[in-house]
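Subject: Structure handover

Hello,

Here is the structure you asked to look at. Please open it beside this email while you read.

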Amino acid sequence: MRLALISLAALLPLTAPAAQADTAEAVTELIVPAYAAFATATAALDTATQQSCDPAVLAPAYHAAFDAWMAVAPLRLGPVEDGGRALAIQFWPDPKGLGAKAQKALLQADPAALTPDAFAQQSVAARGLMGLERLLWPEKPLPADPCPLLRATTADLARVAAAVSADWQGDSGYAALLQTAGEPGNSTFLSPTEARQALFTQIYTGLEALRDQRLGRPLGTFDKPRPDLAEARASGRSLRNVVLDLQALRALTVALAPDTPKTQAAFDHALTLAETLDDPVFAGVATPGGRLKVEILQQAVTAIRDTAGVELAAVLGVDLGFNAADGD
């Protein structure tokens with residue numbers, strides 16, 4: 001079953017001429033519009049939630065907001081890292097179930113805890129897209145009416161998304177820093193190569209996170225598969241997020257360096273595997289045949305990383321750097 005999804009890839013023609021390849025293309029034509037689209041989608045979700053708390057009514061707006069987030073989710077640099085904003089948008093994985101515990105307390109807390117200023121100080125585990133998923137698709141009956149917490153969560157998410165988008169824009173925004181790398185006064189990127197390396201690192205480590213987290217966690221081990229650990233399983237988005245993640249990383253690759261045929265072919269192979277995998281929440285990993293299909297997809301993602309580590313790095317003239325996902 002092929003998934004028809006809107007992602008970051010839709011914002012960039014995949015045949016962009018080499019003359020346009022560079023940091024500016026990736027930033028102005030891809031990243032900044034995608035963050036703006038995420039802010040718009042979360043604002044729409046918040047508006048919908050203020051009008052209704054019915055999960056069936058909110059599901060389309062929720063999925064639209066999550067789709068928009070996946071277009072920029074691999075980018076763990078700049079404004080989204082300030083103050084733990086990325087975690088406030090999506091706290092996952094959560095192996096200790098901190099989000100559910102914090103939300104249970106908030107559902108029964110003083111309403112003052114749900115005011116915008118107070119909610120912004122709550123645990124990131126209770127906020128964002130995963131917090132909303134637990135309220136819209138609860139595994140167990142909730143101890144109280146979720147509507148006040150739903151509305152507080154969507155308002156907070158929209159606020160964070162708008163702040164991240166705004167911080168990318170303008171003469172002093174992060175986009176300008178990337179585009180003026182090496183110029184006087186830019187102490188963040190001391191050369192254009194540093195800016196290209198920062199973006200290349202997002203692609204490389206993004207592929208590793210996709211392989212190890214979005215695919216690796218539900219795979220578990222052969223003796224103990226863990227489909228219950230799949231991302232966004234309750235909302236049925238596990239495979240959808242993998243496809244969108246691949247599309248976003250491919251689009252960023254093409255924006256930076258369209259003359260990378262081997263890397264793009266590796267992306268296309270993995271995307272074909274993912275788009276034809278009829279296993280929305282990776283339940284099939286519990287069977288030998290289903291597990292093999294996801295393992296093959298995981299190997300294809302590794303192949304993209306290895307190919308990009310040679311071809312894309314050479315075209316950009318960079319070495320592998322580090323980002324926040326490395327824990328270094």
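The notes below cover the numbering, a record entry, one residue and one pocket.

This is a predicted model, in which local features need pLDDT of at least 70 and side-chain atom pairs count only at pLDDT 80 or more, while totals for chains, interfaces and linings use all residues. Residues are numbered from 1 along each chain as its sequence is written, and side-chain values use heavy atoms, with hydrogens and water left out.

UniProt, in an unreviewed entry, lists residues 31-305 as "domain: Imelysin-like"; such annotations may be inferred rather than shown by experiment. The end C-alpha atoms of that span lie 21 Å apart, and the span is 63% helix and 0% strand. Helices (H or I, at least four residues) and strands (E, at least two) are DSSP runs, numbered from the N terminus.

Arg 237 sits in the loop between helix H9 (192-219) and helix H10 (238-256). Arg 237 has a relative accessible area of 0%, so it is buried (under 20%, with a 1.4 Å probe and protein chains only). Beyond its neighbours within four places in sequence, Arg 237 is in contact (heavy atoms within 4.5 Å) with residues including Tyr 62, Asp 67, Glu 231 and Pro 280.

UniProt aside, an automatic or database assignment gives the domain bounds: domain 1 (23-172) and domain 2 (192-316) each supply at least three residues to the lining of the largest pocket. A pocket is an open set of points on a 1 Å grid over the protein atoms alone, where a 1.4 Å probe fits, with protein on both sides within 12 Å along at least five of seven lines; lining residues have an atom within 4 Å of a point. H4 gives the largest share of that lining, six residues.

Regards

How values were computed
Buried < 20%, exposed > 50% of the residue type's maximum accessible area, 1.4 Å probe, protein only.
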